[in-house]
Amino acid sequence: MTCLVTGGAGYIGGHTVLALLDAGHQVVVLDDLSTGFRWSVPNNAKLIVGDVGDFDLVCRVIRTEKITSILHFAAKTVVSDSFRDPLGYYLTNAVKTQTLLAAAASETISNFIFSSTAAVYKSSESLVSETQNVQPQSPYGRSKYMAECMIKDVGAAHNMRYAILRYFNVAGADPKGRNGQSTKNATHLIKVAIETALGKRACMEIFGNDYPTVDGFAVRDYIHVADLANAHVLALNRLQEGSESLTVNCGYGRGYSVREVVDVVKAVTGHDFEIRLAPRRTGDLASVVANSEQLRSVGWIPHYDELPTIVRHAYQWELELASERR
Ligand code: UFG
């Protein structure tokens, strides 16, 4: 049984490809390489360079590669960008998902796993569970939520089982050093802080210190990318065994403020660096932390749920990037 991984040359898709291969699955990657990297696709996975919104191409790939399951990562993912480019976000995340689903339905795909996001929730002081607080606050969150709705409806109409995984803040890198976050001009907190620690940036900004949180800084639930990748393998195995569709949060259930994260980065890297306070960033929420009981209840056991471990792996990867071997 071969799975098609859209966006498999990107950060989270790339780590999931490694986890799938490690677990003995056959993998075909479909990626337009707009933000992903050819080098990140291992030799034992097949890479097809193309657009997930190309119906004929997707149908052809499903048929020729005998695909039975699709894991759909290809997306635009930056909350603040989505306010500047809502049409781009709706096209990539909603319209192209509709096309991919149409191809999946016409080729009778059995299992569909979708990269969704904590951005479908509004800010909350308590842990968010899957059925509460669904109220996306950005074009990005809305585009992903639209895709979720389509997947559920198509699943019901076409007998396609699905797993919708709502990621909280993904960070870290493959513990074996095979992959990591390599995005140019990254906006993610841990990557930006590590780049600053390494002197790639002169200083970094913290966006907002007046949130209604314990220390005034925004709070997020940071999940190691390898634990998240394993959640996909678990979800796929369950669907392939005939388990019911599910929608689950992927986080650890522990929040850290921006200030706490920066302090951990300084401690792990051993470098102090300059911080500037800046106004709040458009679309940022005060606090989003997962209730992850549901994912744990289906057998997910995280192995890297310590912020210093996440930062250490991300730092090791950043050193690898700096060595220019990549
Ligand atoms: N932050 C800074 N300075 C920076 C970068 C980030 O202060 O240079 C702050 C942000 O303002 C925010 C926090 O760090 O308060 C986290 O920001 P990220 O950009 O790392 O992540 P986001 O929470 O904005 O978004 C990420 C993913 C989304 C996903 C979301 C789920 O990019 O795709 O997590 O919570 F939807």
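This report describes a pocket, a cavity and two groups of paired strands in a predicted model.

**The second largest pocket**

The second largest pocket has a volume of about 300 Å³, and its lining is made up of 18 residues, with E125, T213, V214, V219 and S287 lying nearest the centre. Sorted by class, this lining holds seven nonpolar, seven polar and four charged residues. Both domain 1 (2-171 + 223-250) and domain 2 (189-220 + 253-322) take part in the pocket, since each contributes at least three residues to the lining.

**The cavity**

In a search of the whole structure, one cavity of 30 Å³ or more is found, and the volume of this largest cavity is about 40 Å³. The residues that line the largest cavity are L165, A231, L234, A235, R238, L246, V248, L295 and V298, and by class they divide into eight nonpolar, no polar and one charged. At least two lining residues come from each of α7 (225-240) and β11 (246-250), and α7 gives the most, with four residues.

**Strand β6 and its partners**

What encloses strand β6 (residues 161-167) to such an extent that six of its seven residues are buried? It is the rest of the structure that largely encloses β6, as follows from the burial of six of the strand's seven residues. Strand β5 (residues 111-117) pairs with β6 in the parallel sense over seven bridges, and one of the pairs joins T117 to its bridge partner Y167 in β6. Between these two strands the chain passes through helix α5 (residues 139-158), and the β-α-β crossover that results is right-handed.

Strand β6 also runs parallel to β11, to which five bridges join it. Here L165 has V248 in β11 as its bridge partner, and both L165 and V248 are among the residues that line the largest cavity.

The strand pairings that involve bridges of known number are set side by side below, including the one from the three-stranded sheet that is described afterwards.

| Strands | Sense | Bridges |
|---|---|---|
| β5 and β6 | parallel | seven bridges |
| β6 and β11 | parallel | five bridges |
| β9 and β14 | parallel | two bridges |

**The three-stranded sheet**

Three strands, in the order β12-β9-β14, form an open sheet whose pairing is mixed. At its edges are β12 (256-257) and β14 (287-288), each of which pairs on one side only. Strand β9 (residues 219-220) and β14 run parallel and are joined by two bridges, and the bridge partner of R220 in β14 is V288. Residues of these two strands also return in the pocket, where V219 and S287 are among the lining residues that lie nearest the centre.

**Two buried valines**

V120 is found in the loop between β5 and α5, and V27 has its place in strand β2 (residues 26-31). Is V120 buried or exposed, given a relative accessible area of 0%? V120 counts as buried because its value of 0% falls under the 20% limit for burial, and V27, with a relative accessible area of 5%, is buried as well.

Separations along the chain and in space can also be given for these valines. V120 lies 193 residues from H313 in sequence, and the two are 28 Å apart in space, C-alpha to C-alpha. For V27 and V128, which are 101 residues apart along the chain, the C-alpha atoms are separated by 33 Å.

Technical notes
Residues are numbered from 1 along each chain as its sequence is written. This is a predicted model: local features need pLDDT of at least 70, side-chain atom pairs count only at pLDDT 80 or more; totals for chains, interfaces and linings use all residues. Side-chain values use heavy atoms; hydrogens and water are left out. On a 1 Å grid over the protein atoms alone, a cavity is a set of points where a 1.4 Å probe fits but cannot get out, and a pocket is an open set with protein on both sides within 12 Å along at least five of seven lines; lining residues have an atom within 4 Å of a point. Grid points are joined across faces, edges and corners, and a volume is the space filled by probe spheres set on the points. Ala, Val, Leu, Ile, Met, Phe, Trp, Tyr, Cys and Pro count as nonpolar, Asp, Glu, Lys and Arg as charged, and the others, Gly among them, as polar. Domain bounds come from an automatic or database domain assignment. Buried means under 20% relative accessible area, exposed over 50%, partly exposed in between (1.4 Å probe, protein chains only). Two strands pair if DSSP finds at least two bridges between them. A crossover is right-handed if, with the strands pointing away from the viewer, the path from the first strand over the helix to the second runs clockwise.
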